[in-house]
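Colleague: Could you walk me through this chain and justify the labels as we go?

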Amino acid sequence: MCQNFCSWCSAERETESHIFLSCKKSWLVWSWFQNWWDRKFWLNLFYAIVWSLWLARNEKVFYGVNTSVVDICTLTLPRLSLWMKALDPTFSILAMDLLITSKSIKSWTNLLKECRLAVWAAPPASSFKWNVDGSFLGKPSLSALGGVLQESSGDFQCIFSCPVGYMDSNWAELYAIRKALEIYAALPFLANVLL
Ligand SMILES: [Zn+2]
């Protein structure tokens, strides 16, 4: 076998993108995890999979050991569990739990999704809607505010964002509302429009 070809499939040159993504074996590993994704979880999962693929590739190249897709996935889980626990103390799912079923991680990620879930609803025809928000790191902390004005079609009519200094998060939220009302009062094209 040509040394530059993939040690698993021998079908393509062993580039980084082939080893970690497009090789059939790698792709099957990614596919196995694809339903588990959450942003924080996914970042750690990404590194855990890449690291596991690299170790499996080395096993093949240096020792001729052909690690199966199931074994690569299974070996990814303890790494993932340990890394998640190190980065997020709320993560309490053991590798053994993940080995038995992915249900626990799915419910953990769904819990996070539920916390973040916010669905925009269009205002009635001929009306406009402000969505405003205050952003902050703590209570109190350096804060900022922002807002978007949209019409019923969803098109943006106005966007604002600015820092507001060190304050309590509730004040940042209130300032965001006040800023939106100031803009509403100042823009001539909004004079006869319902908010
Ligand atoms: Zn390959």
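Modeller: Happily, and one overall number to begin: among contacts between residues at least 6 apart in sequence, 48% join residues at least 24 apart. A contact here means that two C-beta atoms, placed from the backbone, lie within 7 Å. Please keep in mind that this is a predicted model, where local features need pLDDT of at least 70 and side-chain atom pairs count only at pLDDT 80 or more, while totals for chains, interfaces and linings use all residues. Residues are numbered from 1 along each chain as its sequence is written.

Colleague: What pattern does the chain follow along the sequence?

Modeller: The chain reads α-α-α-α-α-α-β-β-β-α, with seven helices and three strands. These are DSSP runs numbered from the N terminus, helices being H or I over at least four residues and strands E over at least two.

Colleague: Why does Ser-52 count as buried or exposed?

Modeller: A residue is buried if 20 or more other C-beta atoms lie within 10 Å of its own, exposed if 12 or fewer, and partly exposed in between, with C-beta atoms placed from the backbone. Ser-52 has 22 C-beta neighbours inside 10 Å, so Ser-52 counts as buried. Ser-52 is found in helix H3 and touches Ile-72, Leu-75, Thr-76 and Arg-79, leaving aside residues up to four places away in sequence. The C-alpha atoms of Ser-52 and Leu-77 are separated by 9.6 Å, with their positions 25 residues apart along the chain. Over the 195 residues of the chain, 17% count as buried.

Colleague: And what makes Ser-126 buried or exposed?

Modeller: Ser-126 has 10 other C-beta atoms within 10 Å, so Ser-126 is exposed. Its place is in the loop between helix H6 (103-116) and strand S1 (128-136).

Colleague: How do you know whether Ser-10 is buried or exposed?

Modeller: Ser-10 counts as exposed because there are 10 C-beta neighbours inside 10 Å. Ser-10 lies in the segment before helix H1 (16-22), and has a positive phi of about 60° although it is not a glycine.

Colleague: Which residues have the most contacts inside the largest nonpolar core?

Modeller: Those are Leu-45, Ile-49, Leu-53 and Leu-80, in a core of 15 residues. Helix H2 (24-33), helix H3 (39-63) and helix H4 (69-87) each give two or more residues to this core, and the largest share, five residues, comes from H3. The label "nonpolar core" stands for a set of buried Ala, Val, Leu, Ile, Met, Phe, Trp, Tyr and Cys residues joined through C-beta atoms within 7 Å. Leu-53 touches Ile-19, Phe-20, Ser-26, Val-29 and Ile-72, not counting residues up to four places away in sequence. A second, separate core of six residues includes Trp-130, Leu-145, Ala-172 and Ala-176.

Colleague: Why is H2 called oblique to H4?

Modeller: Their axes come within 9 Å and cross at roughly 50°. Axes are lines fitted to C-alpha atoms, for helices over the stretch in contact, and angles run from 0 to 180 degrees between N-to-C directions. Angles under 35 degrees count as roughly parallel, over 145 as roughly antiparallel, 65 to 115 as roughly perpendicular and the rest as oblique. The crossing angle therefore makes H2 oblique to H4.

Colleague: Which residues make that contact?

Modeller: H2 brings Lys-25, Leu-28, Val-29 and Trp-32, and H4 brings Val-69, Ile-72 and Cys-73. They divide into six nonpolar, no polar and one charged, where Ala, Val, Leu, Ile, Met, Phe, Trp, Tyr, Cys and Pro count as nonpolar, Asp, Glu, Lys and Arg as charged, and the others, Gly among them, as polar.
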